[in-house]
Amino acid sequence: MELKDIKTYVNERKAALKHKIGLNMKDKAPSLAIVQVGENEASTRYVRNKIKDCKEVGIAAEVYFYPENTTEFELVDEIEHLVEFYDGVMVQLPLPPHIRVEAAIAAIPKEKDVDGFRRDSCFDPATPLGIVNYLDYCGFEWTGKEVTIIGRSDIVGKPLARLMTNKDATVTLCHSKSKLSNHIYDSDLIVCAVGQAGFLNCYPIHCPVIDVGINFVKNDEGRSQLVGDAFNTDGRNVTPVPGGVGLLTRLTLLENVVKAKEMYG
Ligand code: NDP
């Protein structure tokens, strides 16, 4: 399987979404509230991109910003109020250390948890679902395929293993205690979600790679550069960073908001 151009794919799906919203939801657009706590440069950039994406397809999105010293109690109270007015609500991570992520997420009802972070959420998490949908588009034939996922986080590796197993792939979920070389060589597909620039460099890769990692390195001019976990591998049949999995994640959030409106709005 050859990986297809992600930007083309994302633009096609966004155009379809825009068409659907214009056709069926003219009277009341799907809506999303984004909760951000504290000044985190990366979070502010992610939130700005999400607002831009929403505007592009016709989702009414609003950011609710709370100062760093907001208490967990205050934040939960605010979220419980916000959920009344929106089809989807999401909390931009990370939160300040004094606020438990579980407490904030639990304040969002499962029908509005468009990030899919609750265990009982009505939605699959955006990054894993985005990857699976994209691989379908690329024509990946799941049945009997050996997939190695490196990284077992609750937001990427674990839910991705479940989705891919449901597609009839045979999934090996690896982590820092795994003997990776035993698995990598025989894989039909590798998903790398470790968060270390160039992590895959020392392994011989013979199959497509989905690069989830987001890492910053200094380039030759001393400027910060965004790269993935497959940075510096030979680059063929590897999803790009930037312009890869991040775009799939953003697309799937939009699709989850529209689904929330269709199913529960
Ligand atoms: P975490 O950062 O929570 O965990 C990293 C995982 O990598 C852990 O499971 C860890 O194993 C594993 N790991 C660390 N070292 C090794 C090693 N030497 N060999 C094998 N496995 C190892 O994972 P996240 O999923 O939250 O994030 C991973 C990366 O993906 C980050 O760069 C993050 O920014 C990015 N990301 C990108 C998204 C996007 O939309 N593009 C969305 C979400 C994340 P162990 O469990 O044993 O510690």
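The following exchange examines helix α5, selected residues and the ligand site in a predicted model.

Student: Over what distance should helix α5 span, and how far apart are its end C-alpha atoms?
Tutor: Helix α5 comprises the 12 residues 126-137. At 1.5 Å a residue, the expected span is 16 Å. The end C-alpha atoms agree with this, being separated by 16 Å.

Student: How many residues of α5 are buried?
Tutor: The buried residues are Ala-126, Thr-127, Pro-128, Leu-129, Gly-130, Ile-131, Val-132, Asn-133, Tyr-134 and Leu-135. The helix is therefore mostly covered, since burial requires under 20% relative accessible area. Of its 12 residues, the number buried is 10.

Student: Which elements are included in what covers the buried residues of α5?
Tutor: The cover includes helices as well as strands. Among the strands are β6 (189-192) and β7 (209-211). The helices include α1 (6-24), α6 (157-166) and α8 (245-264).

Student: Is Tyr-134 buried or exposed?
Tutor: Tyr-134 lies in helix α5. Leaving aside neighbours within four places in sequence, Tyr-134 is in contact with Leu-3, Lys-4, Ile-6, Tyr-9, Ile-210, Thr-239 and Leu-248. Because its relative accessibility is 1%, Tyr-134 counts as buried.

Student: What is the C-alpha to C-alpha distance between Tyr-134 and Lys-4?
Tutor: Lys-4 is one of the residues in contact with Tyr-134. In sequence the two are 130 residues apart. In space, C-alpha to C-alpha, they are separated by 8.6 Å.

Student: What separation is found between the C-alpha atoms of Val-10 and Gly-130?
Tutor: Val-10 has its place in helix α1, and α1 is among the elements covering the buried residues of α5. Gly-130 is one of those buried residues. Along the chain, Val-10 and Gly-130 are 120 residues apart. Their C-alpha atoms are separated by 9.9 Å.

Student: Which residues does Val-10 touch, not counting those up to four places away in sequence?
Tutor: Val-10 is buried, with a relative accessible area of 5%. Beyond the excluded sequence neighbours, the residues touched by Val-10 are Leu-247, Leu-248 and Leu-251.

Student: Which backbone nitrogen does the side chain of Ser-121 reach?
Tutor: Ser-121 lies in the loop between α4 (101-106) and α5. Ser-121 is buried at a relative accessible area of 16%, and touches Lys-110, Asp-113 and Gly-116, not counting residues up to four places away. At 3.1 Å, its side chain reaches the backbone nitrogen of Phe-123.

Student: Which residue takes a positive phi just after α5, and of about how many degrees?
Tutor: Helix α5 covers residues 126-137. Just after α5, the residue with a positive phi is Gly-139, at about 85°.

Student: How many charged residues does the shell around the ligand have?
Tutor: The ligand is surrounded by 20 residues, the closest being Arg-152, Ser-153, Ser-176, Ile-214 and Thr-249. Helix α8 gives the most to this shell, with 3 residues. By class, the shell has 9 nonpolar and 10 polar residues, and the number of charged residues is 1.

Student: What distance separates a polar side-chain atom of Ser-176 from an oxygen atom of the ligand?
Tutor: Two backbone N or O atoms also lie by the ligand: that of His-175 is 3.4 Å from a ligand nitrogen atom, and that of Ile-214 is 3.0 Å from a ligand oxygen atom. Taken alone, the ligand exposes 920 Å², of which the protein buries 70%. For the polar side-chain atom of Ser-176 and a ligand oxygen atom, the distance is 2.5 Å.

Definitions and conventions
Residues are numbered from 1 along each chain as its sequence is written. This is a predicted model: local features need pLDDT of at least 70, side-chain atom pairs count only at pLDDT 80 or more; totals for chains, interfaces and linings use all residues. Side-chain values use heavy atoms; hydrogens and water are left out. Helices (H or I, at least four residues) and strands (E, at least two) are DSSP runs, numbered from the N terminus. The expected span of a helix is 1.5 Å times one less than its number of residues. Buried means under 20% relative accessible area, exposed over 50%, partly exposed in between (1.4 Å probe, protein chains only). Contact means heavy atoms within 4.5 Å. A residue is near a molecule or strand if one of its heavy atoms lies within 4 Å of it. A polar contact is a pair of N or O atoms within 3.5 Å; within protein, one must be able to donate a hydrogen and the other to accept it, and residues adjacent in sequence count only if both atoms are side-chain atoms. Accessible areas come from the Shrake-Rupley method with a 1.4 Å probe; for residues, only the protein chains shown count as cover. Ala, Val, Leu, Ile, Met, Phe, Trp, Tyr, Cys and Pro count as nonpolar, Asp, Glu, Lys and Arg as charged, and the others, Gly among them, as polar.
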